[in-house]
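Please find below my notes on the model, set out as numbered points. They start with a pocket and then move to other sites.

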Amino acid sequence: MSPRSTNSTTSTAAAPAERPPVHVEGCAVDTINLGSIDVIRVLDETGKVVDPAHEPNLPESELLRIYRGMIRSRRFDQRMLAMQRQGEMGTFAPGLGQEATQIGQVYPMTSRDWFSPSYRSIGAQVWRGWTMEQLLLLWAGFFEGFAIPEGVNELPFSIVIGSHVPVATGVAMGIKTRKEDAVVVTNFGDGASSQGAVAEAFNFAAVYKAPIVFIVESNGWAISTPIEKQAGNSVLAARGVGFGMPAVRVDGNDVLGMIEACTRAIDYARSGHGPFLVEAVTYRMSLHTTADDPKVYRKDEEVKAWEAKCPILRFEAYLKGRKLLDDAAIATINEEIEQEVIAARDRFRELAVAKPGEIFDFVYDALPADLQNQKAEYLERLRRKGVQ
Ligand SMILES: Cc1ncc(C[n+]2csc(CCOP(=O)(O)OP(=O)(O)O)c2C)c(N)n1
Ligand SMILES: [Mg+2]
């Protein structure tokens, strides 16, 4: 008798009849690869190692480099937000709370590998070799900021959600065709995972075994849409099974778990097996973008609960436990990185000289007469207002 029917004199549900497994020619369940999803978490929320078997065996100097990468991401983000609030920066998407996801995914990449990031990847971009002043130029709207730095294998991010994922898959196919020793790592959000373009990229990559790692940063929200309204099954790693690629679900606030998951995924793609899906479960602790006010659609208690899971506090506790950090070292590292950020801001200020006339300059080879007149009139108005 099933447990549901034990006390049910009122129940009308009949116990399901025993029946033999159904076999359909050519598609018996045992011939379908149902796959499995590993769940990875090395550090719990207090920084305690809960899965020593998956703890990456990294030298102490590397652990501290990773820590610095996360602090740089946090400090830069906070500085950019202050600059935006003071009118010195354009709209941007803060990465606060996603530092472990960001650094953990790029840490196992080589410089030959290609990164195809979303717009919320500033910390990872700095790790990969962007200077902070160039990123400031970019997000302040200066075209000089957009050129990918020499020697950084990266694709431009796209604001059209999910649209970069098929492009990244195409680059992976190019790598495969040329037999290059490289993989592509692309990241996107839980909201992006609902886009048809992402499903098409998954399917294409799985069929043609493209060397690509898909990282879905499941951060709870797509602007004001929570994950429950985004996906019938909010375990997005489960999609790997459907598309025929291995997948892991990892605690995205645990940088060691991220490194373990992404190393596994990158090694798999590099050795010619095809794509791999990593679902990083994290939380967007701050604003969707600087144009957003999350207080109108989510509760303070929810944010507070995630503050306690902060990826930086967790990694700090782990490093303290290993005697690699103490409060004085934490303060020194933060101060050093703050000075780096301030120096980048100062270099940005020197470079960020607006040239309003440029909006006329890059569309036509020879500017038509009417636009020449508009340009002259516009510049004259600015001059009268004292802007130029
Ligand atoms: C095709 C498309 N639809 C809608 C938007 C507006 N939009 C910008 S960001 C965003 C949410 C994306 O959420 P998610 O993919 O979870 O990434 P997150 O911002 O949380 O990192 C939306 C709907 C867009 N930019 N492109
Ligand atoms: Mg999201």
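1. The lining of the second largest pocket is made up of 7 charged, 4 nonpolar and 1 polar residues. This is a predicted model, and the pocket in question has a volume of about 230 Å³. Its lining consists of Met-285, Ser-286, Leu-287, Asp-292, Asp-293, Pro-294, Lys-295, Arg-298, Asp-300, Val-303, Lys-304 and Glu-307.

2. The largest pocket holds about 400 Å³ of space. It is lined by 27 residues, of which Tyr-119, Arg-120, Ile-161, Ile-223 and His-288 are the closest to its centre. Two elements, strand E3 (184-189) and strand E5 (221-222), give two or more residues each to this lining. E3 supplies the largest share, with 3 residues. Sorted by class, the lining of the largest pocket contains 12 polar, 11 nonpolar and 4 charged residues.

3. Which residues are the closest to ligand 1? They are Tyr-119, Arg-120, Ile-159, Gly-191 and Ala-192, out of 15 residues that surround the ligand. Tyr-119 and Arg-120 are also listed among the residues closest to the centre of the largest pocket.

4. Backbone atoms of three of these residues pair with ligand 1. A polar backbone atom of Ile-159 lies 2.8 Å from a nitrogen atom of the ligand. For Gly-191, a backbone N or O atom is 2.8 Å from an oxygen atom of ligand 1. A polar backbone atom of Ala-192 is likewise 2.8 Å from an oxygen atom of ligand 1.

5. On enclosed space, the count comes to 1 cavity of 30 Å³ or more. This cavity contains about 50 Å³ of space. Ser-73, Asp-77, Ala-93, Pro-94, Gly-95, Gln-102, Arg-120, Ser-121, Ile-122 and Gly-123 form its lining. Helix H1 (60-85) and helix H3 (122-128) are the elements that give two or more residues to that lining. The cavity lining divides into 5 polar, 3 nonpolar and 2 charged residues. Arg-120 deserves a second look here: it lines the cavity, it is listed among the residues closest to the centre of the largest pocket, and it is also listed among the residues closest to ligand 1.

6. How many disulfides does the model have? The count is 0. Cys-262 is in no disulfide, and the nearest cysteine sulfur, which belongs to Cys-310, is 19 Å away. A disulfide requires two cysteine sulfur atoms within 2.5 Å, so a separation of 19 Å rules out this pair. Cys-310 is likewise in no disulfide, its nearest cysteine sulfur being that of Cys-262. As for solvent exposure, Cys-262 counts as buried because its relative accessibility is 1%, under the 20% limit. Cys-310 is buried as well, with a relative accessible area of 6%.

7. Two lysines have backbone angles that should be checked by eye. Most residues other than glycine have a negative phi. Lys-179, however, has a positive phi near 55°. Lys-179 sits in the loop between helix H5 (164-177) and E3. Its relative accessible area is 75%, so Lys-179 counts as exposed, the limit being over 50%.

8. The second case is Lys-209, which is not a glycine but has a positive phi of about 55°. Lys-209 belongs to the loop between helix H6 (196-208) and strand E4 (212-218). Is Lys-209 buried, exposed or partly exposed? With a relative accessibility of 40%, Lys-209 counts as partly exposed.

9. Helix H6 also contains Ala-206. Ala-206 is buried, at a relative accessible area of 10%. The C-alpha atom of Ala-206 is 6.1 Å from that of Gly-244, although the two residues are 38 residues apart along the chain.

10. Finally, some figures for the chain as a whole. The chain has 388 residues, of which 48% count as buried. Its secondary structure comprises 12 helices and 8 strands. The C-alpha trace spans about 90 × 55 × 55 Å along its principal axes.

Note on methods: Residues are numbered from 1 along each chain as its sequence is written. Chains are lettered from A and ligands numbered from 1 in the order in which they are written. This is a predicted model: local features need pLDDT of at least 70, side-chain atom pairs count only at pLDDT 80 or more; totals for chains, interfaces and linings use all residues. Side-chain values use heavy atoms; hydrogens and water are left out. Buried means under 20% relative accessible area, exposed over 50%, partly exposed in between (1.4 Å probe, protein chains only). On a 1 Å grid over the protein atoms alone, a cavity is a set of points where a 1.4 Å probe fits but cannot get out, and a pocket is an open set with protein on both sides within 12 Å along at least five of seven lines; lining residues have an atom within 4 Å of a point. Grid points are joined across faces, edges and corners, and a volume is the space filled by probe spheres set on the points. Helices (H or I, at least four residues) and strands (E, at least two) are DSSP runs, numbered from the N terminus. Ala, Val, Leu, Ile, Met, Phe, Trp, Tyr, Cys and Pro count as nonpolar, Asp, Glu, Lys and Arg as charged, and the others, Gly among them, as polar. A residue is near a molecule or strand if one of its heavy atoms lies within 4 Å of it. A polar contact is a pair of N or O atoms within 3.5 Å; within protein, one must be able to donate a hydrogen and the other to accept it, and residues adjacent in sequence count only if both atoms are side-chain atoms.
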